[in-house]
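Student: I'd like to practise reading features off a model. Could we take them one at a time, general idea and then the case at hand?

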Amino acid sequence: MTQAPDPLERFYSVIPAGGIGSRLWPLSRADAPKFLHDLTGSGQTLLRDTWDRLAPLAGDQRIMVVTGRAHRAAVEAQLPELADLNVVLESEPRESTAAIGLAAAILQKREPGVIIGSFAADHVIKGAVLFRQTIVEAVAAADAGYIVAIGIRPTEPAIGFGYIKTAAPLDIPGAPNAQSVDSFVEKPDLATAEAYVASGHYLWNAGMFIARADRLLEEIGAAEPDLLAGLLELADAWDTPRRGAVVDRVWPKIKKIAIDYTVAEPVAARGQLAVIPGQFDWDDVGDFASIAKIHANGRKRDLAILGEGARVLADSSSGIVVSHTGRMIALIGVEDIVVIDTPDALLVTTSANAQKVKAVVDALKLSGSSDVL
């Protein structure tokens with residue numbers, strides 16, 4: 001039997017487990033967000049899959065989860081190995097800079113010089129060996145002082161992902177595939193995405209960042225000094241009896257802003273952001289079209305059926321059905337359909353319109369229909 005490789009030295013994994021995954025409504029809800037669902041048919045949640053992927057890299061005592069107070073019980077039930085001191089609870093969501101920055105500040109105070117990697121709780125990754133090789137290179141680049149992103153070579157002109165424009169190769173010991181980053185690009189339209197893929201100079205932004213904690217905090221401070229001051233005040237009190245009072249006072253004042261804007265984009269503009277192209281299969285499972293694709297294994301005429309006890313009768317139909325009601329669903333001659341059947345809400349759309357589900361959630365919020373959110 002081949003012995004598993006040792007965890008990486010000085011490395012700590014951080015899992016931000018927040019957001020409701022609004023493009024996966026009505027399956028994903030505020031009280032049962034995307035990361036607490038099995039969307040791949042693996043038999044376990046996306047969060048558990050993420051933990052199992054990271055534990056060999058960091059060790060199960062060196063994984064921190066940042067989540068909402070309302071999700072603590074569900075997260076701990078999924079991750080019984082999770083150490084209590086590595087549970088960081090947000091009283092309310094404050095976006096990714098706050099979540100990742102607070103984890104960095106706490107870990108830097110506990111262990112100066114620690115290298116952290118931030119990995120979303122709700123992505124699907126296949127290819128454990130290739131994933132490890134990529135993170136090993138990322139840790140080496142981070143140790144050299146770079147902020148490091150992971151990019152994925154595009155397999156199609158996807159419009160649901162952000163892109164990273166690469167520049168010249170970097171000469172970093174231990175990271176032979178590292179490249180400098182020219183810029184981050186928001187989700188493009190189809191024609192632009194096709195041009196990106198054809199150029200060979202763009203990678204999908206996988207939303208993973210690896211850096212020395214002190215360097216990450218330095219960059220947050222350069223962009224948002226007040227935000228950094230708040231994070232450092234929280235970290236200073238975190239492992240003391242003062243935590244509760246300081247959190248109640250400081251956390252509501254923390255600015256809501258994504259780490260792409262505070263760190264990734266300005267650091268890339270200064271030529272200090274590195275990207276490691278990952279060779280592993282990756283999907284952010286951002287909408288129901290993504291889930292259908294995962295289950296179809298490249299066969300677009302297949303119909304994916306999820307949900308324990310789902311009852312589906314289909315003739316000449318393709319797409320995805322997720323059922324949690326037990327009622328019979330019959331499909332006849334419909335292609336690329338999306339049917340999500342829950343006890344209190346039914347969604348019917350197509351794969352081509354799957355990205356628009358978020359607009360439905362926004363409309364429900366405006367209408368005051370919070371009972372189905």
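Student: Let's start with accessibility. Is Glu111 buried, partly exposed or exposed?

Tutor: One thing up front: this is a predicted model. To read burial, take the relative accessible area and see which class it falls in: under 20% is buried, over 50% is exposed, and partly exposed is in between. Glu111 has a relative accessible area of 25%, so it counts as partly exposed.

Student: And what does the side chain of Glu111 meet?

Tutor: It meets the side chain of Arg62 in a salt bridge, at 2.9 Å from N to O. The two come from distant parts of the chain, 49 residues apart. Glu111 sits in the loop between helix 3 (95-110) and strand 4 (115-118), while Arg62 is in the loop between helix 1 (46-58) and strand 2 (63-68). Arg62 is partly exposed as well, with a relative accessible area of 22%.

Student: How many salt bridges does a search of the whole structure find?

Tutor: The search finds 22. Another of them pairs the side chains of Arg72 and Glu76, again at 2.9 Å from N to O.

Student: Why are Arg72 and Glu76 separated by about one helical turn?

Tutor: Because they are 4 residues apart in helix 2, which covers residues 72-78. As for accessibility, Arg72 is partly exposed at 29%, and Glu76 is partly exposed at 30%.

Student: Now the pair in helix 6: are Arg215 and Glu219 buried or exposed?

Tutor: Both are buried. They form a salt bridge whose closest N and O atoms are 3.0 Å apart. In sequence they are 4 residues apart, about one turn of helix 6 (residues 213-223). When you read a pair like this, check for shared partners too: here, salt bridges that share partners join Arg215, Glu218, Glu219 and Arg270 into one network.

Student: Let's move to empty space. Which residues line the largest cavity?

Tutor: With a cavity, look at the count, the volume and then the lining. The count comes to 1 cavity of 30 Å³ or more, and the largest cavity holds about 40 Å³ of space. Its lining is made of Thr50, Arg53, Leu54, Phe119, Ala120, His123, Ile125 and Met208. By residue class, that lining divides into 5 nonpolar, 2 polar and 1 charged.

Student: Which element gives the most to that lining?

Tutor: Helix 1 does, with 3 residues.

Student: What about backbone oddities?

Tutor: Start from the usual case: most residues other than glycine have a negative phi, and most peptide bonds are trans. Then look for departures. A cis peptide bond joins Trp25 and Pro26, with omega at about 5°. Pro26 is in the loop between strand 1 (11-17) and helix 1.

Student: Where does Arg10 lie, and what is its phi?

Tutor: Arg10 lies in the segment before strand 1. Its phi is positive, about 65°, although it is not a glycine. Arg10 is partly exposed, with a relative accessible area of 35%. Glu95 also has a positive phi, near 75°, but this residue lies in helix 3. At 45% relative accessibility, Glu95 counts as partly exposed.

Student: Last one: which feature does UniProt place at residues 312-364?

Tutor: The unreviewed UniProt entry lists "domain: MannoseP isomerase/GMP-like beta-helix" there. To connect a record to the model, look at the make-up of the span: residues 312-364 are 15% helix and 49% strand, and the end C-alpha atoms lie 28 Å apart.

Definitions and conventions
Residues are numbered from 1 along each chain as its sequence is written. This is a predicted model: local features need pLDDT of at least 70, side-chain atom pairs count only at pLDDT 80 or more; totals for chains, interfaces and linings use all residues. Side-chain values use heavy atoms; hydrogens and water are left out. A salt bridge is a side-chain nitrogen of Lys or Arg within 4 Å of a carboxyl oxygen of Asp or Glu. Buried means under 20% relative accessible area, exposed over 50%, partly exposed in between (1.4 Å probe, protein chains only). UniProt positions are given in the numbering used here, feature names are shortened, and annotations may be inferred rather than shown by experiment. On a 1 Å grid over the protein atoms alone, a cavity is a set of points where a 1.4 Å probe fits but cannot get out, and a pocket is an open set with protein on both sides within 12 Å along at least five of seven lines; lining residues have an atom within 4 Å of a point. Grid points are joined across faces, edges and corners, and a volume is the space filled by probe spheres set on the points. Ala, Val, Leu, Ile, Met, Phe, Trp, Tyr, Cys and Pro count as nonpolar, Asp, Glu, Lys and Arg as charged, and the others, Gly among them, as polar.
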